[in-house]
Amino acid sequence: MTALEIAVQAPAGAAVALAGGADRVELCAALGATGGLTPTLSSLEGAVAANIGVHVLIRTRPGGFVYTRAEVTTMAGDIAHVVHAGASGVVIGALNADGSVDREATAELIAAARRAGDVDVTFHRALDAAADPLEALRVLAELGVDRVLTSGGAPTAASGLDVVATLVDADTGVQIMAGGGVRPDTVPALVEIGVDAVHLSATTIVDDPGSTGPGGGASHGLETTDPTVVAAVRRLLDR
């Protein structure tokens, strides 16, 4: 059966995902504004308390995926903290400037996860910025990644369907999880090509009841998890 992963930003989102039939969540912060950053430990503890598997995004900053040695060290430390706090998986990604997988950084982050506990390691959509996604997948298989999240290098998984299918057909032993603009109407095509999981945020925007003030940045509403979207995708996957 194709697994369902929901990207959430708070314990409330994890509870919505569980109620809608998700198999697990990816927990992050600042998803809409940055693509996702490492969440707080309190947010993680609350999500774990919702009794659903929680995979935590490990990303110290927005921007590209070429990291300094200091940033990799920080992310390795974050991995230890989140696993000890109850995460069942971590989500990582590091590239070199030429678009190849940063073997050294990736191996270090995987090792940090394995030392911390028996957890899954997912390589996130840094794969979609790789110069050669198929070669990157083969390298990640060699390094011991459990899963990759990808849109096939396209803006959405639906528009990158051919590349996602190529990654599935490569049969490297690494699970292929399709993500990026996934909606209920695009799920059947993803299932048909044989992805192991689909990933979406099921985001809806609600009114912000307060003002950000001069120091709070721009606000276009608050992002929450839409229970109707989660449930709709679950029904499609169960067919």
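This is a friendly conversation between a trainee and a mentor about the terms used for a predicted model.

Trainee: What should I keep in mind about the model and its numbering?

Mentor: The model is predicted, so local features need pLDDT of at least 70 and side-chain atom pairs count only at pLDDT 80 or more, while totals for chains, interfaces and linings use all residues. Residues are numbered from 1 along each chain as its sequence is written, and side-chain values use heavy atoms, with hydrogens and water left out.

Trainee: Why is Glu71 called buried?

Mentor: Buried means under 20% relative accessible area, exposed over 50%, and partly exposed in between, with a 1.4 Å probe and protein chains only. Glu71 has 18%, so it is buried. Glu71 sits in helix H4, residues 69–84; helices (H or I, at least four residues) and strands (E, at least two) are DSSP runs, numbered from the N terminus.

Trainee: Which residues is Glu71 in contact with, leaving aside neighbours within four places in sequence?

Mentor: They are Thr60, Arg61 and Val66, where contact means heavy atoms within 4.5 Å.

Trainee: Why are H4 and H5 called roughly parallel?

Mentor: Helix H5 covers residues 103–116, and H4 packs against H5 at an angle of about 20 degrees, with the axes 9 Å apart. Axes are lines fitted to C-alpha atoms, for helices over the stretch in contact, and angles run from 0 to 180 degrees between N-to-C directions. Angles under 35 degrees count as roughly parallel, over 145 as roughly antiparallel, 65 to 115 as roughly perpendicular and the rest as oblique. That is why H4 and H5 are roughly parallel to each other.

Trainee: What makes H5 oblique to H6?

Mentor: The axes of H5 and helix H6 (residues 133–143) come within 10 Å and cross at roughly 40 degrees. An angle of roughly 40 degrees belongs to none of the three named ranges, so H5 is oblique to H6. On the H5 side the contact is made by Arg103, Thr106, Ala107 and Ile110, and on the H6 side by Val139, Leu140, Glu142 and Leu143.

Trainee: How do the residues of the contact of H5 with H6 divide?

Mentor: Into five nonpolar, one polar and two charged. Here Ala, Val, Leu, Ile, Met, Phe, Trp, Tyr, Cys and Pro count as nonpolar, Asp, Glu, Lys and Arg as charged, and the others, Gly among them, as polar.

Trainee: Why is Ala202 called buried, and what is special about its phi?

Mentor: With a relative accessible area of 5%, Ala202 is buried. Its phi is near 50 degrees, a positive value in a residue other than glycine. Most residues other than glycine have a negative phi. Ala202 lies in the loop between strand S8 (197–200) and strand S9 (203–206).

Trainee: Why is Ala30 called partly exposed?

Mentor: Ala30 has a relative accessible area of 32%, so it is partly exposed. Ala30 also has a positive phi, of about 55 degrees, and is placed in the loop between strand S2 (24–27) and helix H2 (31–34).

Trainee: How do you know that Ile92 is buried?

Mentor: Its relative accessible area is 1%, so Ile92 is buried. Ile92 is in strand S4, residues 89–92. Beyond its neighbours within four places in sequence, Ile92 is in contact with residues including Ile58, Ile79, Leu109 and Phe123.
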